[in-house]
Amino acid sequence: MSTVADPSNVDTAAVPTIKRLDEAVVNRIAAGEIIHRPANALKELIENSLDANSTSIQVSVKDGGLKLLQIQDNGHGIKVEDMAIVCERFTTSKLRSFDDLSSMSTYGFRGEALASVSHVAHVTITTKTKDSNCAYKASYSDGAIIPAKPGAVAEPKPCAGNNGTQISAEDLFYNVPTRRKALKNATEEYNRILDVVNRYAIHNEGTGFTCRKVGANTPDVHTTTTATVLDNIRQIYGSSVANELLSLEQSYPIYPLKIKGWISNANYSVKKFAFLLFINHRSVDSPAIRKAIESVYAAYLPKNTHPWVYLSLEMDPKNVDVNVHPTKREVHFMNEEEIIATICDAIQDRLGDANVSRNFLTQTLLPQVSAKTRSDEATYKKSGPKVYEYDQVRTDSRAQTLDSFLVPSSPYSVINSSSHKRVKVGVERMEGIDDDEDQEMEEVRENRVPEKGRKTAFDDSEEEDADDQTPKKSSGSLLSRIGQFKSNPSGKPGNSKGSHGRVVVSSATTKDRGSSSSQRGEPSTTSTRTKQQRVEVKLTSVIQLRDEIRKQGHPILTPIFANHTFVGILDNQRGLIQNELALYLVNYEAVSEELFYQICLRDFSNFGFIRLSTPAPIKEMVLMALDDEQELMERSEWPEELKPKDEIAETVKNTLVSRKEMLREYFSVCVTDNGDLTAIPMMIRGYIPNLEKLPDFLWRLGSEIDWTSEKTCFQTVSRELAIFYSTQPERVEDPLAGEEDNGDECDDTLGTDGKSPQEIQDAQFQHMVSTLIFPAFKKNFIPPKALIEKSGMVVQVAQVKDLYKVFERC
């Protein structure tokens, strides 16, 4: 028989009991998070002095701050009635409610600095306000005021003193022996203290700083109230640094952001990066900004050397979250990636403006050194770790070709369509709004009438033989009927369908979206350039969608795309890229959809325009898409349960017309009151989407969008635009296909090198992908995690080490 255990016999002693920690233990643990070493305590005390509007701050240190750390200022002081609670946790004069954090402009706000110091040291405070007749002195331990002597009353005692506050912390970490033993020697702790004082002394011009060891005759740091930032840098770091600095001052109202600082030029370099960063006057550290700045200087400085940089960034306090780190060493701010890119561009421009001369160190040749000896020394190589060949990163020597330096002979690019007609696209001065600069756009003013008989790139008609002007019968498919909105410059009989239009790309400013005469289809010879400020998007839905992109980014694929080297195109869907020692196969057709989706949200309400010279009727375009859909059905008949195609097309047209203001303002999709499409957004400068997908895009835009929810609406519209703009080559149908007796004419359709129109179109398409799409992958593209889950999107096909193993076996 089996026995059942009695629950009453279970040993209850094995289950731990939850108990409330003693308040002294809690306070000591919290103090350990804020005060790591004497330099952290000094930073908190200096910030308190600066919040008190001090113009003179004196620091005295003994044994690296472990024995004594004293700071004295001439600020407004502390009221005697507040001295009883000044060292208690969460007592502050700078914060009243949680909402005040969104506009915090002071250094301290939690009221934990003095409390933390008092829990790990013996604290004495002497303070005097301007209206007080005398100073008051009090001692503190574990956050509470204590008597100065045993048996005395625990209250502030009057004494002599100057206006301001003096705080002394003795025997730091006396009650935390493990922390005290972990600290290194006093000299290193004192150097850390000097680094804190140096940073605040440089940033706070108008405030004099003094730092010295107790008993020393001369201070190690001494700045005056009349000194400028550059004077303080010269005083602390020496003339060798100050003489090589460049001033940096820029303002960007769109974020808003104000950059001030001093950066070293290309002639100065050191072994260790000296980086002083202040955000809203708070000394912080940002690994992302640090790494980005070093990447900028990498093009100017010798290998393994670094610059000297002091930056002060001023942002809207509402965009900065300072309550993310116990020591307030780190902060988070909105638009971090865009702001970092802006900082790098500002430094790049400043270095470029000042890079008029370079200094190089050379070794003087001694007269007594013989030529033979010099030759021997030249052949001598310093010993070091051997780098094997399979650890060396290789890239294609053809990565930078002469094509990038060539200017096209014609300002128009010709894209073949499925009906072998052509779309002439004007790409003269196509400029969109960049992430970090104002947009310079070309507004085409068309005021010239072409001479009679002269052919131009914008002519509507082509000369045709009088014997054959009857258009070919349309097959009814989408690919064939899209040609009615394209011109036919081929001059071949039978390729024209009445009066065809053409697509002309011109750029116009957002403020004058409908005034450009390029919509009238007139040729242009003159142009005016206008500056447009980038629109700052504050819509919560757009910000949330951008955050979702950042959160869903793949941590491994992101640096691969950002730092890749383009290798080549395999076909119309796949290409090869290299990152470090690995070679990857990328399905750029699928990845480009995600790229354009992110561009839609990143450049939301800041697109340029691709204007159609002949407006495209939305209703007719939707009917084309519906006809093409009908051909794909089993019986090639329109189902009776569905509404008639004319009614569906009319509904789609009315839907887009009713929302034309929103589409034009946010997505640069211009729709007239009559239901004509006149412009589409310019996503990437110089890139034209496959116009064969335009009817299907308009149909889905009017039928697949959820217009009731703002976030869902913006998301679905951006996704449909991404599908429309994703890379896909146009299919060129040979107009003479199926005519067996026209062998000579068929030969005329081949290019001079014997290539068919489809091969020429594919070559143009692949060139566009390599010069526009892959460079766009390197700029602000965040591959989503779902990209790696789809098989075949990004595949590693080779590794240098693995290839060497294969070759070694051969």
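Colleague: How many helices and strands does the secondary structure of the protein come to?

Modeller: This is a predicted model, and its secondary structure comes to 23 helices and 27 strands. Of the 810 residues, 45% count as buried.

Colleague: What share of the contacts with a separation of 6 or more comes from residues 24 or more positions apart?

Modeller: Such residues account for 72% of those contacts. Asn319 gives a local case. Its place is in the loop between β14 (308-315) and β15 (320-321). Leaving aside residues up to four places away in sequence, Asn319 touches Tyr255, Pro256, His332, Phe333 and Met334. Pro256 is 63 residues from Asn319 in sequence, yet the two C-alpha atoms are 9.2 Å apart in space.

Colleague: Now empty space. How many cavities of 30 Å³ or more does a search of the whole structure find?

Modeller: The general idea first: rolling a probe the size of a water molecule over the atoms shows where empty space is left. Here the search finds four cavities of 30 Å³ or more. The largest cavity holds about 200 Å³ of space. Twelve residues line the largest cavity, and those closest to its centre are Glu337, Glu338, Arg550, Arg602 and Asn780.

Colleague: Which helices each supply at least two residues of that lining, and what is the lining like by class?

Modeller: The helices are α9, α12 and α14 (588-602). By class, the lining of the largest cavity has six charged, four nonpolar and two polar residues.

Colleague: And the second largest pocket: what is its volume, and which residues lie nearest its centre?

Modeller: The volume of the second largest pocket is about 1700 Å³. Its lining has 43 residues, with Glu336, Glu337, Glu338, Ile340 and Asn780 nearest the centre. Two or more lining residues come from each of α8 (287-297), α9 (336-354), α12 (540-551) and α13 (557-562). The largest share, seven residues, is from α9. Sorted by class, the pocket lining has 18 charged, 17 nonpolar and eight polar residues. Glu337, Glu338 and Asn780 are thus named for the centre of this pocket and also for the centre of the largest cavity.

Colleague: How should I read α9 as a helix, and which of its residues are buried?

Modeller: An α-helix has 3.6 residues a turn, so residues three or four places apart point the same way. In α9 the buried residues are Glu338, Ile339, Ile340, Thr342, Ile343, Cys344, Ala346, Ile347 and Leu351. Their cover includes β10 (245-252), β11 (257-264), α8, β14 and β16 (332-333). As for span, the 19 residues of α9 should cover 27 Å at 1.5 Å a residue, and the end C-alpha atoms are 27 Å apart, which agrees.

Colleague: Is α14 mostly covered or mostly open, and how many of its residues are buried?

Modeller: α14 is mostly covered, with twelve of its 15 residues buried. Among them are Glu594, Phe596, Cys600 and Arg602. From first C-alpha to last, α14 reaches 20 Å, close to the 21 Å expected at 1.5 Å a residue.

Colleague: Last, the cysteines. How many disulfides does a search of the whole structure find?

Modeller: The search finds zero disulfides. A pair of cysteine sulfur atoms has to lie within 2.5 Å to count. The sulfur of Cys134 has its closest cysteine sulfur in Cys159, 7.2 Å away, so the distance is too far for a bond.

Colleague: Are Cys134 and Cys670 buried or partly exposed?

Modeller: Cys134 counts as partly exposed, at 24% relative accessibility, whereas Cys670 counts as buried, at 4%.

Note on methods. Residues are numbered from 1 along each chain as its sequence is written. This is a predicted model: local features need pLDDT of at least 70, side-chain atom pairs count only at pLDDT 80 or more; totals for chains, interfaces and linings use all residues. Side-chain values use heavy atoms; hydrogens and water are left out. Buried means under 20% relative accessible area, exposed over 50%, partly exposed in between (1.4 Å probe, protein chains only). On a 1 Å grid over the protein atoms alone, a cavity is a set of points where a 1.4 Å probe fits but cannot get out, and a pocket is an open set with protein on both sides within 12 Å along at least five of seven lines; lining residues have an atom within 4 Å of a point. Grid points are joined across faces, edges and corners, and a volume is the space filled by probe spheres set on the points. Helices (H or I, at least four residues) and strands (E, at least two) are DSSP runs, numbered from the N terminus. Ala, Val, Leu, Ile, Met, Phe, Trp, Tyr, Cys and Pro count as nonpolar, Asp, Glu, Lys and Arg as charged, and the others, Gly among them, as polar. The expected span of a helix is 1.5 Å times one less than its number of residues. Contact means heavy atoms within 4.5 Å.
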